[in-house]
Amino acid sequence: MSVNKVILVGNVGRDPEVRYVEKDIPVASFSLATTDRGFKRQDGREVPERTEWHNIVVWRGLAKVAESYVRKGTSLYIEGRLRTRSWTDQNNNTRYATEIIADQMELLGKRPEGGVAPLAPSTQTNSVQGVQQLIPPMPTEADSENDLPF
């Protein structure tokens, strides 16, 4: 038995980039920063804070929510799974990317000043989970074999 589960709470580093793949299926990608606080060791040495950057990918309904509500600086809770993919670039070098494919996303805190207006009054919520009933299921392993490398 194995488990591939990631839980992150962090801040969005760039506005989501939304693309549409076959049959008008939206997919959004953006970066998320998580920071480990710095501290002082017993011997007095300072350990600085450390920020990690994560590539997040959301599909279908979550991608539409990201397109409408998520902006640089937005605080998010993300739950999903790790996926590493590879491709060959123009110079015939093998490239790798590790991403979190999110199944769940919650907006944390308030919407930023000058934020995007909500899609409809019925979706005005800080919790994306309330909207998930309208979202089709995530792609299966068989569906994701045709993912585009972006």
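**Exercise 1. Classify the two partners of the Arg-50 salt bridge by exposure.**

Start with Arg-50: its relative accessible area is 52%, and the cut-off for exposed is over 50%, so Arg-50 is exposed. A word of care before going on: this is a predicted model. Next, find the partner. The side chain of Arg-50 meets that of Glu-52 in a salt bridge, with 2.8 Å from N to O. Glu-52 has a relative accessible area of 30%, so this residue is partly exposed.

**Exercise 2. Lay out the fold of the protein chain: how many helices and strands are there, and in what order do they come?**

Begin by counting: the secondary structure comes to two helices and eight strands. Then read from the N terminus, where the order of elements is β-β-β-β-β-β-α-β-β-α. Now look at how the contacts are spread along the sequence. Of those between residues at least 6 apart in sequence, 61% join residues at least 24 apart. Finish with burial and surface: 37% of the 150 residues count as buried, and the accessible surface is about 10,000 Å², with 47% of that belonging to carbon and sulfur atoms.

**Exercise 3. Take apart the largest nonpolar core: which residues touch the most other members, and which element gives the most?**

First, pick out the hubs. The core has 20 residues, and Phe-30, Ile-56, Val-58, Leu-76, Ile-78 and Met-105 touch the most other members. Second, trace the elements that give two or more residues to this core: strands β1 (6-12), β3 (25-36), β6 (50-59), β7 (75-88) and β8 (94-108), together with helix α1 (60-69). Helix α1 gives the most, with five residues. Keep an eye out for a second, separate core as well; this one has six residues, among them Val-21, Val-57, Trp-59 and Ile-101.

Third, zoom in on one hub. Setting aside neighbours within four places in sequence, Ile-78 is in contact with Val-6, Ile-7, Leu-8, Phe-30, Leu-32, Ile-56, Ile-100, Ala-102, Gln-104 and Met-105.

**Exercise 4. Examine the Glu-79 salt bridge: what does the pair tie together?**

The structure holds eight salt bridges. In one of them, Glu-79 pairs with Lys-5, and the closest N and O atoms are 2.6 Å apart. Place each partner: Glu-79 lies in strand β7 and Lys-5 in the segment before β1, so the pair ties together parts that are 74 residues apart in sequence. Now compare the surroundings. Glu-79 counts as buried at 14% relative accessibility, whereas Lys-5 is exposed at 51%.

For practice, repeat the steps on Asp-89 and Arg-95, whose side chains meet in a salt bridge at 3.1 Å from N to O. Asp-89 is buried, with a relative accessible area of 18%, while Arg-95 is partly exposed at 44%.

**Exercise 5. Describe two residues, Ser-29 and Glu-99: are they buried or exposed, and what do they contact?**

Take Ser-29 to begin with. This serine lies in strand β3, and its 9% relative accessibility is under the 20% cut-off, so Ser-29 counts as buried. Apart from neighbours within four places in sequence, Ser-29 is in contact with Arg-14, Asp-15, Pro-16, Glu-17, Ile-56 and Val-57.

Then turn to Glu-99, found in strand β8. Glu-99 is buried too, with a relative accessible area of 7%. Its side chain makes a polar contact with the side chain of Arg-85 at 2.8 Å.

Note on methods. Residues are numbered from 1 along each chain as its sequence is written. This is a predicted model: local features need pLDDT of at least 70, side-chain atom pairs count only at pLDDT 80 or more; totals for chains, interfaces and linings use all residues. Side-chain values use heavy atoms; hydrogens and water are left out. A nonpolar core is a set of buried Ala, Val, Leu, Ile, Met, Phe, Trp, Tyr and Cys residues joined through side-chain atoms within 4.5 Å. Buried means under 20% relative accessible area, exposed over 50%, partly exposed in between (1.4 Å probe, protein chains only). Helices (H or I, at least four residues) and strands (E, at least two) are DSSP runs, numbered from the N terminus. Contact means heavy atoms within 4.5 Å. A salt bridge is a side-chain nitrogen of Lys or Arg within 4 Å of a carboxyl oxygen of Asp or Glu. A polar contact is a pair of N or O atoms within 3.5 Å; within protein, one must be able to donate a hydrogen and the other to accept it, and residues adjacent in sequence count only if both atoms are side-chain atoms. Accessible areas come from the Shrake-Rupley method with a 1.4 Å probe; for residues, only the protein chains shown count as cover.
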